[in-house]
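Biologist: I'm new to this one. Could you walk me through how to read it?

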Amino acid sequence: RDPQEWGFDPEDGELVEFLDDVTGRVVGIVPRRTAMQSRLRVRGIGVLVFEEGTSACRVLCHQRSKTKATFPGRWDMLVGGLCRPGETSEEAAAREVAEELGIKVGAEHFRPFGITADVHDDVIRCSCETFAL
């Protein structure tokens, strides 16, 4: 749903799910800005993109936009973002890889690492499920 349908300003960003700090379960939906300002723990994903067809293990690195709130202009090896309400982690991974890298691949191609990292800094608190592509 669009944030305006919920009575939020479009400037507040897309809707995101936030999690209970103890159970890790989704307990609500708010605009991204509200989640960040209220320091709510949100659900996200991170993807490592590996080079195919070589004997060496190489990971794609990309430079973050200079307008990002966290680590602007820095080099990063994770493609990531926040999950939309009702979206599976694999669907979020496919969407983020398409948005950030222009690589379109189905959700079934993402292999879970089985690691969920808690990422937090001055801007975000995120439970980040990790995948390989």
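Modeller: We'll take the core and then the charged pairs. This is a predicted model, where local features need pLDDT of at least 70, side-chain atom pairs count only at pLDDT 80 or more, and totals for chains, interfaces and linings use all residues. Residues are numbered from 1 along each chain as its sequence is written, and side-chain values use heavy atoms, with hydrogens and water left out.

Biologist: Which elements each supply at least two residues of the largest nonpolar core?

Modeller: In soluble globular proteins, nonpolar side chains tend to be buried together. A nonpolar core here is a set of buried Ala, Val, Leu, Ile, Met, Phe, Trp, Tyr and Cys residues joined through side-chain atoms within 4.5 Å; buried means under 20% relative accessible area, exposed over 50%, partly exposed in between (1.4 Å probe, protein chains only). The largest has 12 residues, including Ile45, Val79 and Phe131. Strand E3 (41–48) and helix H2 (89–101) each give at least two, with H2's four being the largest share. Helices (H or I, at least four residues) and strands (E, at least two) are DSSP runs, numbered from the N terminus.

Biologist: How many salt bridges does the whole structure have?

Modeller: Side chains of opposite charge can pair when their charged atoms come close. The cut-off is a Lys or Arg side-chain nitrogen within 4 Å of a carboxyl oxygen of Asp or Glu, and the search finds 11. In one of them, Arg41 pairs with Asp118 at 3.3 Å between the closest N and O atoms. Arg41 sits in strand E3 and Asp118 in strand E7 (residues 111–120), so the pair ties together parts 77 residues apart in sequence.

Biologist: Is Arg41 buried or exposed?

Modeller: Arg41 is buried at 13%, whereas Asp118 is exposed at 52%.
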